[in-house]
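Work through the exercises below with the sequence and the model open beside you. Each task is followed by a solution that proceeds step by step.

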Amino acid sequence: MYLEQINNPADVKKLDKSQLEVLASEMRSALLAKLSKRGGHFGPNLGMVEATIALHYVFNSPEDKIVFDVSHQSYPHKMLTGRKDAFLKEEHYGDVSGYTNPKESEHDFFTVGHTSTSVSLACGLAKARDLKGEKGNVIAVIGDGSLSGGEALEGLDFAPELKSNFIVLVNDNDMSIAENHGGLYSNLKLLRDTDGKAECNLFKAFGLDYVFVKDGNDIQALIEAFQKVKDINHPVAVHIYTQKGKGYALAENNKETWHYCMPFDLATGKPHSAPAGETFASITAEYLLTKMKENKNLAAITAGTPAAFGFTEENRKKAGNQFVDVGIAEETAVALSSGMAAGGAKPVWGVFSSFIQRTFDQLSQDLCINNNPAVILNFWASIYAMSDVTHLGIYDIPLVSNIPNMVYMAPVTKEEYISMLDWSTNQKEHPVAIRVPVQVISDGKEVKKDWGALNKYEVTQKGEKAAVIALGNFYGLGFQAAKAIEAKTGVKPTIINPYYITGVDEELLESLKASHKVVITLEDGILDGGFGEKISRFYGASDMKVLNYGLKKEFLDRFNVEEVLKKNRLTPELIAQDAAALM
């Protein structure tokens with residue numbers, strides 16, 4: 001087995017053409033074995049095997065610096081840079097992350113998990129090289145889907161200013177996570193159809209030289225193209241056409257489904273486990289599709305992640321032109337939403353919490369200053385969501401809730417969520433964001449609350465001495481903590497569901513002073529700038545003691561949720577212990 005003998009890229013250079021082909025087959029087999037057992041980014045990595053072999057055959061990493069965009073296609077790179085055991089031996093599967101990581105290897109230059117960044121990051125490396133008078137190639141690897149992101153286009157615009165060695169490797173598989181959307185993709189198709197000879201050329205328009213490789217899974221053709229641009233003295237784009245999911249028929253034929261996978265049966269492609277019952281993604285899509293029939297001005301918007309709120313290919317067809325995919329361009333999604341709302345339409349943007357981080361300026365400037373009634377549905381905003389450091393969903397509360405005019409809400413149950421969604425898509429006074437719960441809890445209770453009467457909390461259990469204000473996903477934890485406090489002190493605490501992240505129910509908080517000594521807040525996000533601090537500020541000049549529970553401001557990576565919760569004293573027993581000490 002050749003892969004077992006690859007300890008660094010220099011070992012790749014020792015193989016001849018036929019041996020490189022065998023190596024590609026071995027790498028693909030190793031990917032399939034690991035991904036079927038552990039899950040991960042599937043299609044992008046299978047499609048990049050040959051290109052990665054050719055890169056390391058021609059270039060001299062780490063002296064030549066390769067920067068991967070998103071890192072969805074970096075698994076083959078890890079195999080060839082001293083980390084093969086993490087793909088060959090099951091006991092080592094957890095040794096590496098799913099993204100490039102400088103802590104793992106000198107061949108990785110950035111921890112990257114968000115899209116459209118590689119060209120700009122690599123431009124920085126090239127500029128530093130030139131300022132220091134050093135040599136070496138700098139290669140930015142970017143997928144066609146990532147080209148729709150504003151940062152990618154900004155990077156391409158700047159690259160010719162370098163006037164020195166700089167290589168942009170464009171991995172074009174005619175797919176983003178779902179199908180591509182946007183005008184630049186018609187040019188990519190034209191270039192593919194003309195073998196790169198079309199006069200209209202996106203990359204040349206930016207001022208880049210251009211090389212096209214028709215078969216991006218042909219190792220020899222790739223080697224020849226890379227040898228042509230190695231040590232080049234000006235910026236160039238190498239455009240390769242690859243097969244996403246290559247080597248696994250199900251993935252080749254169902255590219256969207258197989259962009260990312262959970263553990264599955266390799267023979268049948270069926271997942272070992274599937275979500276049981278409803279999800280908030282399916283609930284949301286069903287609700288919006290029904291409302292679209294009643295209101296032709298209602299539209300669902302995605303920035304390249306339609307599955308976030310249940311818009312499968314079938315549901316996108318049902319929605320027709322009431323479904324909009326702006327490509328991987330969250331900033332445009334916010335500005336488009338604001339513009340649509342200003343024009344009398346009702347936009348609903350569904351997004352994963354990690355990706356809303358890219359949009360602060362647009363949320364503030366384009367949306368909230370103008371106070372346009374767009375709706376944002378924020379999914380996977382929780383410590384219980386993704387655990388990779390690049391995809392954490394715990395920073396949104398400080399980011400979203402401190403912008404004037406924004407109404408940010410946190411339902412607990414399915415019924416509360418549907419009620420908030422119904423109100424937000426009918427009202428015309430505010431931009432509204434909803435922090436979608438991670439777990440579907442249904443109590444069957446009809447929700448009659450007037451959400452337009454902003455910042456009115458609900459007392460769900462009347463008590464004394466201690467009050468527990470538990471937000472969204474942590475309401476259940478708050479209920480358990482109240483029971484633990486009662487068991488420890490004999491005093492039944494008040495329990496409050498606040499619903500609103502962006503405001504304070506001053507009347508209710510003032511009333512607690514009469515019979516309470518301690519107020520406890522719980523939030524599923526970082527404490528700095530968060531919900532609890534608003535409550536602490538309210539009580540700052542009073543005798544009320546306030547305990548804020550949430551997460552420490554830090555970059556967590558591939559963590560154990562229960563360990564993190566315990567470290568932050570987010571257990572019923574520890575909360576009760578702290579409360580009893582103050583009571």
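**Exercise 1: Two helices that cross**

Helix H4 passes helix H11 in a right-handed crossing, in a model that is predicted. Task: determine at what angle the axes of H4 and H11 cross, and which residues make the contact.

Solution. Begin with the axes: those of H4 (residues 49-58) and H11 (residues 219-229) come within 9 Å and cross at roughly 40 degrees. Because this angle is neither under 35 degrees nor in the range from 65 to 115, H4 counts as oblique to H11. Next, look for the residues that touch, which on the side of H4 are Glu50, Ala51, Ile53, Ala54, Leu55, Tyr57 and Val58, and on the side of H11 are Ile219, Leu222, Ile223, Phe226 and Gln227. Finally, sort the residues of this contact by class, which gives 10 nonpolar, 1 polar and 1 charged.

**Exercise 2: A second helix pair**

Task: find how far apart the axes of helix H13 and helix H19 lie, and what classes of residue fill their contact.

Solution. H13 covers residues 280-294 and H19 covers residues 414-426, and the two pack at an angle of about 35 degrees with their axes 12 Å apart. Their crossing is right-handed. From H13, the residues Phe280, Ile283, Thr284, Tyr287 and Lys291 meet Lys414, Tyr417, Ile418, Leu421, Asp422 and Thr425 of H19. Divided by class, the contact of H13 with H19 has 6 nonpolar, 2 polar and 3 charged residues.

**Exercise 3: A parallel sheet**

Task: trace the sheet that contains strands E2 and E5, and name the helices that pack on it, with their directions.

Solution. The sheet is open and consists of 5 strands in the order E2-E3-E4-E6-E5, with parallel pairing. At its edges are E2 and E5 (209-213), each of which pairs on one side only. Neighbouring strands are turned by 20 degrees against each other on average, direction ignored. Between E5 and E6 (residues 235-241) there are 5 bridges, and Val211 stands opposite Val238 in E6. Turning to the helices, H7 lies across E2, E3 (138-143) and E4 (166-172), running at about 175 degrees to E3. Helix H9 (residues 184-193) touches E4, E5 and E6, and its direction makes about 75 degrees with that of E6.

**Exercise 4: A mixed sheet**

Task: explain why one side of strand E14 and one side of strand E18 are left without a neighbour in their sheet.

Solution. First set out the order of the 5 strands in this open sheet, which is E14-E16-E15-E17-E18, with mixed pairing. E14 (458-461) and E18 (545-551) stand at the edges and have a single partner strand each, so one side of each has no neighbour in the sheet. Within the sheet, E15 (residues 465-470) and E16 (residues 494-497) run parallel and are joined by 3 bridges, with Ile469 opposite Ile496 in E16. Helix H24 (residues 572-582) packs on the sheet, where it touches E17 (516-526) and E18, and its direction makes about 165 degrees with that of E18.

**Exercise 5: Unusual backbone geometry**

Task: state where Pro62 and Ser116 are found, and what phi Ser116 has.

Solution. Pro62 is found in the loop between H4 and strand E2 (65-68), and a cis peptide bond with omega of about 10 degrees joins Ser61 to Pro62. Ser116 lies in the loop between helix H6 (85-88) and helix H7 (118-131), and its phi is near 70 degrees, a positive value in a residue other than glycine.

Note on methods: Residues are numbered from 1 along each chain as its sequence is written. This is a predicted model: local features need pLDDT of at least 70, side-chain atom pairs count only at pLDDT 80 or more; totals for chains, interfaces and linings use all residues. Side-chain values use heavy atoms; hydrogens and water are left out. Axes are lines fitted to C-alpha atoms, for helices over the stretch in contact, and angles run from 0 to 180 degrees between N-to-C directions. Helices (H or I, at least four residues) and strands (E, at least two) are DSSP runs, numbered from the N terminus. Angles under 35 degrees count as roughly parallel, over 145 as roughly antiparallel, 65 to 115 as roughly perpendicular and the rest as oblique. A crossing is left-handed if the near helix is turned anticlockwise from the far one by less than a right angle, and right-handed if clockwise. Contact means heavy atoms within 4.5 Å. Ala, Val, Leu, Ile, Met, Phe, Trp, Tyr, Cys and Pro count as nonpolar, Asp, Glu, Lys and Arg as charged, and the others, Gly among them, as polar. Two strands pair if DSSP finds at least two bridges between them.
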